[in-house]
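This report describes the fold and selected side-chain arrangements of a single model. It proceeds from the cysteines to the sheet, the helices and the aromatic pairs.

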Amino acid sequence: MNVYLVPASSENIKATVTKGVSIDVAKRCLNQYDFDRLSSQLGDKKIFYCWAMTEGKRSTFQSMGIGDSVIITLAGTGLFNYVAEVICKAESIDLGKTLWTYVPNNPWKLIYFLTEIRTINVRKPTLLQALGYDPADHVSGVRRVLTERLHVIKKYSSIHE
């Protein structure tokens, strides 16, 4: 299992993590193969949750797998605010443009779908230091936590704890 630290803005989190998105949006924007994979993971659910990366983070996106965990920090809170599990991934400029503000030449096209989203309130400096990072780190881009740094999580039954 991999763990990723993920920065986020409140506006974008509301759009695709706390509120969720209708499956109809995915049907319009994803190719059939990716839509079928997402639908399979969702079962009867008509809402999905997701987050994304830009092309500059392709290697991080490629390393991310089903069942991996993400710990999300909202800008300006000084906290890690959410933890979630990856259930599916897709590459879609259309879905990215539909869900988030489009930045020319840097679209949110590397999309990962989430489940088991839980609100947490963990002080950012505390977790960063426990993971061996500088407690003043701003987490300006998504990053995979190196396996050898995950010892702090092993004290608990799961990342959600």
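A disulfide is defined here as a pair of cysteine sulfur atoms within 2.5 Å. The model is a predicted one, in which local features need pLDDT of at least 70 and side-chain atom pairs count only at pLDDT 80 or more, while totals for chains, interfaces and linings use all residues. Residues are numbered from 1 along each chain as its sequence is written, and side-chain values use heavy atoms, with hydrogens and water left out.

**Cysteines**

Under the disulfide rule the count is zero. The cysteine sulfur closest to that of Cys88 belongs to Cys50, and at 11 Å the two are too far apart for a bond. For Cys50 itself, the closest cysteine sulfur is that of Cys29, and the 10 Å between them is likewise too far for a bond. Burial is judged by relative accessible area: buried means under 20%, exposed over 50%, and partly exposed in between, with a 1.4 Å probe and protein chains only. Cys50 counts as buried because its relative accessibility is 0%, and Cys88 is buried at 2%.

**The sheet**

Helices (H or I, at least four residues) and strands (E, at least two) are DSSP runs, numbered from the N terminus. Two strands are taken to pair if DSSP finds at least two bridges between them. Seven strands form an open sheet of mixed pairing, in the order S2-S3-S6-S5-S4-S1-S7. Its edge strands, S2 (21-22) and S7 (143-145), each pair on one side only.

Strand S1 is joined to S4 by six bridges, and these two run parallel. Three bridges join S1 to S7 in the antiparallel sense. S4 (residues 69-74) also pairs with S5, antiparallel, over four bridges. The table lists bridge partners in these strand pairs.

| Residue | Partner | Partner strand |
|---|---|---|
| Leu5 | Ile71 | S4 |
| Ala8 | Leu74 | S4 |
| Leu5 | Arg143 | S7 |
| Ile71 | Val83 | S5 |
| Ser69 | Glu85 | S5 |

Why is S1 largely enclosed by the rest of the structure? Five of the six residues of S1 are buried. For S4 the figure is six of the six residues, so this strand too is largely enclosed by the rest of the structure. In a regular strand the side chains alternate between the two faces of the sheet. In S4, Ser69, Ile71 and Thr73 point one way, Val70, Ile72 and Leu74 point the other way, and all are buried.

The hairpin of S4 and S5 has four residues between the strands, and within this hairpin Gly76 takes a positive phi near 85°. Asn81 is found in S5 (residues 79-91) and is buried, with a relative accessible area of 8%. Contact means heavy atoms within 4.5 Å. Leaving aside residues up to four places away in sequence, Asn81 touches Ile72, Thr73, Leu74, Arg118, Thr119 and Ile120.

**Helix H1**

Buried positions in H1 are Asn12, Ile13, Thr16 and Val17. They cover an arc of only 105° around the axis, which puts them on the same side of H1; the arc is that of the directions from the helix axis to the C-beta atoms. The exposed residues Glu11 and Lys14 are carried on the face of H1 turned away from its buried side. Just after H1, Gly20 adopts a positive phi of about 85°.

**Aromatic pairs**

Rings of Phe, Tyr and Trp (its six-membered ring) pair if their centres lie within 6.5 Å; planes under 30 degrees apart count as stacked, over 60 as edge-to-face and the rest as tilted. Two aromatic pairs result from this rule. Phe48 and Phe113 have ring centres 5.5 Å apart and planes at 70°, so the pair is edge-to-face. This pair links distant parts of the chain, with Phe48 in strand S3 and Phe113 in strand S6, 65 residues apart. Both Phe48 and Phe113 are buried.

Trp51 and Trp100 form an edge-to-face pair, with 6.1 Å centre to centre and 80° between the planes. Trp51 lies in S3 and Trp100 in the loop between helix H5 (93-99) and S6, so the pair ties together parts that are 49 residues apart in sequence. Trp51 and Trp100 are both buried.
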